[in-house]
Amino acid sequence: MSVKGAKDAARTPGRGGPEARRGDAAAGIEADGPANVRNVALIGHSGAGKTLLIEALLAANGVISRKGSIADGTTVSDSDSSAVRQQRSVGLAVVPLLIGGIKVNVLDTPGYPDFIGELRAGLRAADAALFVVSAVDGIDTTTTALWGECDRVGMPRAVAITRVDHPRADYDGVLAACQQAFGDAVVPLYVPVRAGGEITGLIGLLPGTVAEYSEGETGGRARDAAPAELAGSEAARGQLIEGIIAESEDETLMDRYLGGEDIDTDVLVTDLETAVARGSFFPVLPTSAVTGLGAAELLEVLARAFPSPLERELPDVTDLAGAPAGGLSCDPDGPLAAEVVRTTVDPFLGRVCLVRVFSGTLREDTPVHVAGHGLAARGHQDHDTDERVTHLYSPLGANLRPVTHCVAGDICALAKLGSAETGDTISAKDQPVLLSTWEMPEPLMPVAVEADSRSDEDALSRSLAKVAAGDPTLRVERNAETHQLILWCMGEAHADVVLDRLRDQGVKLHTQDVVTPLRETFAGPAAGHGRHVKQSGGHGQYAVCDINVEPLPRGGGFEFVDKTVGGVIPGTFISSVEKGVRAQMQKGLTAGFPVVDLRVTLLGGKAHSVDSSDAAFQAAGALALREAAAAGRIQLLEPVSAVSITVSDDHVGAVMSDLSGRRGRLTGTASAAGELTEISAEVPDQELLRYAVELRALTAGTGRFRRRYLRHEPVPSG
Ligand SMILES: Nc1nc2c(ncn2[C@@H]2O[C@H](COP(=O)(O)OP(=O)(O)OP(=O)(O)O)[C@@H](O)[C@H]2O)c(=O)[nH]1
Ligand SMILES: [Mg+2]
């Protein structure tokens, strides 16, 4: 392990961030091998205290001399201007800590649901998860669901119950809630020492010593536990030891323990660490980011109990054609396979990619292959490019500190890779591979934007391409019918971040109401007379046509039938009439939406041997259709989507009654695994504009939905 140029004046490309304060941070850390790396993602609801807990860890680790604050926007992980504005994390941040020769990459993830894509990327980069639960607010259903997800893949976990200094903190109640939600294998390693209603220290249940924090942040001073403290923690100690022994591979241990033998603490610690690393035992620690309580203890758990990347199964790997490529492992000498988990645009460095190396070693000044496949539906076209790694960094939040290499299992940042996007694989130029991408949520909330002026349009397109490259949860659509530029986002907070990023790049733009692409059709048959005659002076214009219009069934498109007889309109001008009708259909008849599903029959007309022309008959055709529309009734059609909503059983009633308020038609319900129900319905798009956020509110953040355009249907009158 090498620490280069400690406390150097590192490049600090972060915007508006606390550079001065961060200037005292440690230098770039290069892990010398995967055995000495830990990658831990922090998970918990928004406001649980993850970002501030990381400040406490940085302070305990001596990386920073003073903790930043959320209110001032001075934390290491939330330096992004959108995060400062929103007072919450909006993207994944990496904070490496060096603990006893082990490099722990702490991954701060945003808890706000709009940014679940960043959390998923964080989980891809991590080998273990620290669930951060607020002692003030407890656990929410999303956190419980994420625990279940980690459980299914056997990810090692620990729990920090934080904010225990808060006047409304209920440590015991929240611990009980965690055990209820996460299971019996969630067991405290430390119990709080209380004085005057406040938690002032921690009793380490295995060593039987107290970490004293009563003197404030400088605390953590160890002392022997008083007899009363030992007696008070006896039950918790018994529970912990039994839990560890139950997980131990040494089957004699339980008998010995039950026989009254005092099991050696070192044996228990080793068994505990093995069980945590295996993902079958989950230690709990009380913490406070304000007093620093538990930070040092937590650092030790992260470094000692969590597994190294060597224990992690690699994501699926294929060759560029999609055939399975075997033989990759977390070996620094193996073939290179790394994945881009986040992409940002830095004003000084350009595109910066956060990369998790799964196999091989990334080195400065080496050729690599950058490949992105399978995200075309998100607007990320498949791409394969050979590039050169020139700038390699160890990130500390937004701070980038140069390093020369990054081994398998470690995380680094790369600048100036022109084509790399989030989800891409970086591999050896002569042995290119593809790592499967992780599950990326689909953005379902449309936001229409427009450049302030014509001259801003190019800048908007360019900047949008850059922002979209880094964000697989953003989909850009230029709607062919409404001509609006639609940014499909995860929710309002995400939309704000996207707009901030565009404005940060100097683009002047504004949002608009999203126009639902309606269509028009005829409600019944109608006749139209088109007379386009101008014969005053010079070459005149003469065209007359009579048409009949009938609606066709939905999806019937357009039919043009010529029923003229006796050559009243010369053959060449028949198609001119059709052209004119089609042009008018594109422009719309009453509301400016395209006209669909109709048959136009040309019944007769008149032509002039000199003054008739293609243009005149086009004008007459268009006019005839407008006349028919004036004589008949135009029906507006609206898009309707098939929606499939997955909610927990207890929210089914609320979601169904909300759907009926949205003019939704229920088409079915089915039970899904895990006490979930899948509700299928057909809902007008107009009613789905904000459904992404409104469904969340209805279901305490747990509901998901998918939508697929089905057809256009008549807009109900009135
Ligand atoms: N009293 C007290 N307040 C805390 C503590 N930790 C965090 N807070 C406050 O809780 C609020 C949320 O803290 P954050 O660290 O931003 O929470 P987060 O989990 O990172 O939230 P997201 O980034 O939205 O996911 C802030 O106002 C913090 O100051 C703590 O240990 N004690
Ligand atoms: Mg945060």
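A residue counts as partly exposed when the number of other C-beta atoms within 10 Å of its own falls between the buried mark of 20 or more and the exposed mark of 12 or fewer. That cut-off comes up in the first close-up of this predicted model.

**Figure 1. Arg-663, a partly exposed loop residue.** Look for Arg-663 in the loop that runs between helix 16 (652–661) and strand 36 (665–672). Arg-663 has 15 other C-beta atoms within 10 Å, so it is classed as partly exposed. Setting aside residues up to four places away in sequence, Arg-663 touches Val-683, Pro-684 and Glu-687. Take Glu-687: the two residues sit 24 apart in sequence, and their C-alpha atoms are 7.7 Å apart in space.

**Figure 2. The whole chain, for orientation.** Here's the backdrop for the other views: a chain of 718 residues, 47% of which count as buried. It holds 17 helices and 38 strands. Measured out along the principal axes, the C-alpha trace spans about 115 × 55 × 50 Å. If you count the contacts with a separation of 6 or more, 75% of them join residues 24 or more positions apart.

**Figure 3. Tyr-190, a buried residue in a strand.** Tyr-190 belongs to strand 9 (residues 190–195). With 26 other C-beta atoms within 10 Å, Tyr-190 is buried. Its contacts, leaving out residues up to four places away in sequence, are Leu-202, Ile-203, Gly-204, Leu-205, Leu-285, Pro-286, Gly-294 and Glu-297. One of these, Ile-203, is 13 residues from Tyr-190 along the chain, with 5.3 Å between the two C-alpha atoms.

**Figure 4. Helix 6 and its two faces.** Helix 6 covers residues 171–182, which makes 12 residues. From first C-alpha to last, helix 6 reaches 16 Å, close to the 16 Å expected at 1.5 Å a residue. Tyr-171, Val-174, Leu-175, Cys-178 and Phe-182 are its buried residues. They lie on the same side of helix 6 because they cover an arc of only 105° around the axis. Flip to the face turned away from that buried side and you'll find the exposed residues Gly-173, Ala-176 and Gln-180. Just after helix 6 comes Gly-183, with a positive phi near 110°.

**Figure 5. The nonpolar cores.** Nonpolar side chains tend to be buried together in soluble globular proteins. In this chain the largest nonpolar core has 169 residues. Val-40, Leu-57, Val-159, Ile-161, Val-355, Cys-412 and Ala-413 have the most contacts inside it. Helix 2 (residues 50–60) supplies the largest share of this core, seven residues. Another core, of 29 residues, lies apart from it, and includes Phe-522, Cys-545, Ile-547 and Leu-625. For a closer look at the 169-residue core, try Leu-57: beyond its neighbours within four places in sequence, Leu-57 is in contact with Leu-97, Val-106, Ala-295, Leu-298 and Leu-299.

**Figure 6. The shell around ligand 1.** There are 21 residues around ligand 1, and those that come nearest are Ser-46, Gly-49, Arg-88, Ser-89 and Gly-111. Sorted by class, the shell has seven nonpolar, 10 polar and four charged residues. Helix 2 turns up here too, giving the shell its largest share, three residues.

Conventions. Residues are numbered from 1 along each chain as its sequence is written. Chains are lettered from A and ligands numbered from 1 in the order in which they are written. This is a predicted model: local features need pLDDT of at least 70, side-chain atom pairs count only at pLDDT 80 or more; totals for chains, interfaces and linings use all residues. A nonpolar core is a set of buried Ala, Val, Leu, Ile, Met, Phe, Trp, Tyr and Cys residues joined through C-beta atoms within 7 Å. Helices (H or I, at least four residues) and strands (E, at least two) are DSSP runs, numbered from the N terminus. Two residues are in contact if their C-beta atoms, placed from the backbone, lie within 7 Å. A residue is near a molecule or strand if its C-beta atom, placed from the backbone, lies within 6 Å of it. Ala, Val, Leu, Ile, Met, Phe, Trp, Tyr, Cys and Pro count as nonpolar, Asp, Glu, Lys and Arg as charged, and the others, Gly among them, as polar. The expected span of a helix is 1.5 Å times one less than its number of residues. The arc is that of the directions from the helix axis to the C-beta atoms.
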